[in-house]
Amino acid sequence: MRSLPIMPCVAKHTHPAQRVLMLIGGFNSVLRMLNYTLHLFIAVALAAASVLIMIQFSHDVVDTFREHILAAGFLHALGTLFIVWVLSALISAEITFMRSGIFHVEVFFEVAMITLLRQLILIPVKGGGETIPQDDLIFYAMISGALLATGIAYFLVARSRLGTDRKAP
């Protein structure tokens with residue numbers, strides 16, 4: 001007696017809607033695997049960028065002492081450390097996402113605030129320590145306003161998340 005394959009029988013006797021649901025389920029599995037792979041790639045890229053930025057920071061410190069431009073060199077190196085801070089925030093968010101599947105929107109606000117703070121520090125360095133020109137003062141004020149607005153948005157989002165976390169059982 002010859003046995004028949006199971007799948008063709010199942011496929012024959014399943015409702016067309018069930019077959020569609022099975023296809024959608026398989027497609028969702030493929031998308032989840034692709035999403036996980038992409039996040040793994042992002043994590044590796046962030047790690048590599050962190051190593052490269054730390055090397056850049058080391059070069060900035062060495063150049064500062066070699067060229068005897070301590071004030072400007074210090075501020076430039078501090079700007080590089082702000083990039084490390086951004087990468088750290090992104091890596092932490094990626095770890096949280098990879099573990100739990102949850103991405104907290106506060107990370108975007110953190111990154112924006114760090115980037116704006118970096119700009120505020122580097123504007124005086126750009127001028128070489130001289131008086132900041134009028135155009136740069138306007139830009140400085142705009143960056144400060146953007147930082148204030150981003151800080152308020154961050155506060156509101158973080159506060160609303162605290163409220164929802166407290167309500168959860």
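Phe27, Leu31, Leu34 and Leu38 together make a nonpolar surface patch of about 380 Å². Phe27 sits in helix H2 and is exposed, at a relative accessible area of 51%. Keep in mind that this is a predicted model. The protein is built from 5 helices and 0 strands, so there is no sheet to look for, given that the helices and strands here are DSSP runs.

**Overall picture**

- Reading from the N terminus, the order of elements is simply α-α-α-α-α.
- Of the 169 residues in the protein, 19% are buried.
- The exposed area comes to about 12400 Å², and carbon and sulfur atoms account for 72% of it.
- Take the contacts between residues at least 6 apart in sequence: 68% of them link residues at least 24 apart.

**Helix H2**

- H2 runs over residues 16-67.
- With 52 residues, H2 spans 75 Å from first C-alpha to last, which is close to the 76 Å expected at 1.5 Å a residue.
- Its buried residues are His39, Leu46, Ser50, Ile53, Asp60 and Thr64.
- What do those buried residues pack against? They pack against H3.
- The patch residue Phe27 is also part of H2, but Phe27 is on the exposed side of the count, at 51%.

**The salt bridge in H2**

- The salt-bridge count for the model is 1.
- The partners are Arg66 and Asp63, with their closest N and O atoms 3.1 Å apart.
- Both partners belong to H2 and sit 3 residues apart, about one turn of the helix.
- That spacing fits a general rule: an α-helix has 3.6 residues a turn, so residues three or four places apart point the same way.
- How accessible is Arg66, buried or exposed? Arg66 is exposed, because its relative accessible area is 56% and the cut-off for exposed is over 50%.
- Asp63 has 28% relative accessibility and so counts as partly exposed.

**The link from H2 to H3**

- Right after H2 comes His68, with a positive phi near 55°.
- His68 lies in the loop between H2 and H3.
- His68 isn't a glycine, yet its phi is positive, at about 55°.
- Why is that worth a look? Most residues other than glycine have a negative phi.
- His68 is also exposed, with 68% relative accessibility.

**Helix H3**

- H3 covers residues 70-100, which makes 31 residues, and it reaches 44 Å from its first C-alpha to its last.
- For H3, the expected figure at 1.5 Å a residue is 45 Å, so the helix comes close to it.
- The buried list for H3 holds Gly73, Ala77, Gly79, Thr80, Phe82, Val86, Leu87, Ala89, Ala93, Glu94 and Phe97.
- H3 is also the helix that the buried residues of H2 pack against.
- Just past the end of H3, Gly101 has a positive phi of about 80°.

**Aromatic pairing in H3**

- The model has 2 aromatic pairs by the rule used.
- In one of these pairs, the rings of Phe82 and Trp85 have centres 5.7 Å apart and planes at 40°, so the pair is tilted.
- Where do the two residues lie? Phe82 and Trp85 are both in H3, 3 residues apart, about one turn of the helix.
- The two rings differ in exposure class: Phe82 is buried at 10% relative accessibility, whereas Trp85 is partly exposed at 45%.

**Ala93 and its surroundings**

- Ala93 is in H3 and is buried, with a relative accessible area of 8%.
- Which residues does Ala93 touch, leaving aside those up to four places away in sequence? Ala93 touches Phe103 and Val107.
- Ala93 and Val105 are 12 residues apart in sequence, with 9.3 Å between their C-alpha atoms.

Technical notes: Residues are numbered from 1 along each chain as its sequence is written. This is a predicted model: local features need pLDDT of at least 70, side-chain atom pairs count only at pLDDT 80 or more; totals for chains, interfaces and linings use all residues. Side-chain values use heavy atoms; hydrogens and water are left out. Helices (H or I, at least four residues) and strands (E, at least two) are DSSP runs, numbered from the N terminus. Buried means under 20% relative accessible area, exposed over 50%, partly exposed in between (1.4 Å probe, protein chains only). Contact means heavy atoms within 4.5 Å. Accessible areas come from the Shrake-Rupley method with a 1.4 Å probe; for residues, only the protein chains shown count as cover. A salt bridge is a side-chain nitrogen of Lys or Arg within 4 Å of a carboxyl oxygen of Asp or Glu. Rings of Phe, Tyr and Trp (its six-membered ring) pair if their centres lie within 6.5 Å; planes under 30 degrees apart count as stacked, over 60 as edge-to-face and the rest as tilted. Patches are made of residues with over 30% relative accessible area and no salt bridge: like charges are joined within 9 Å, nonpolar side chains (Val, Leu, Ile, Met, Phe, Trp, Tyr) within 5 Å.
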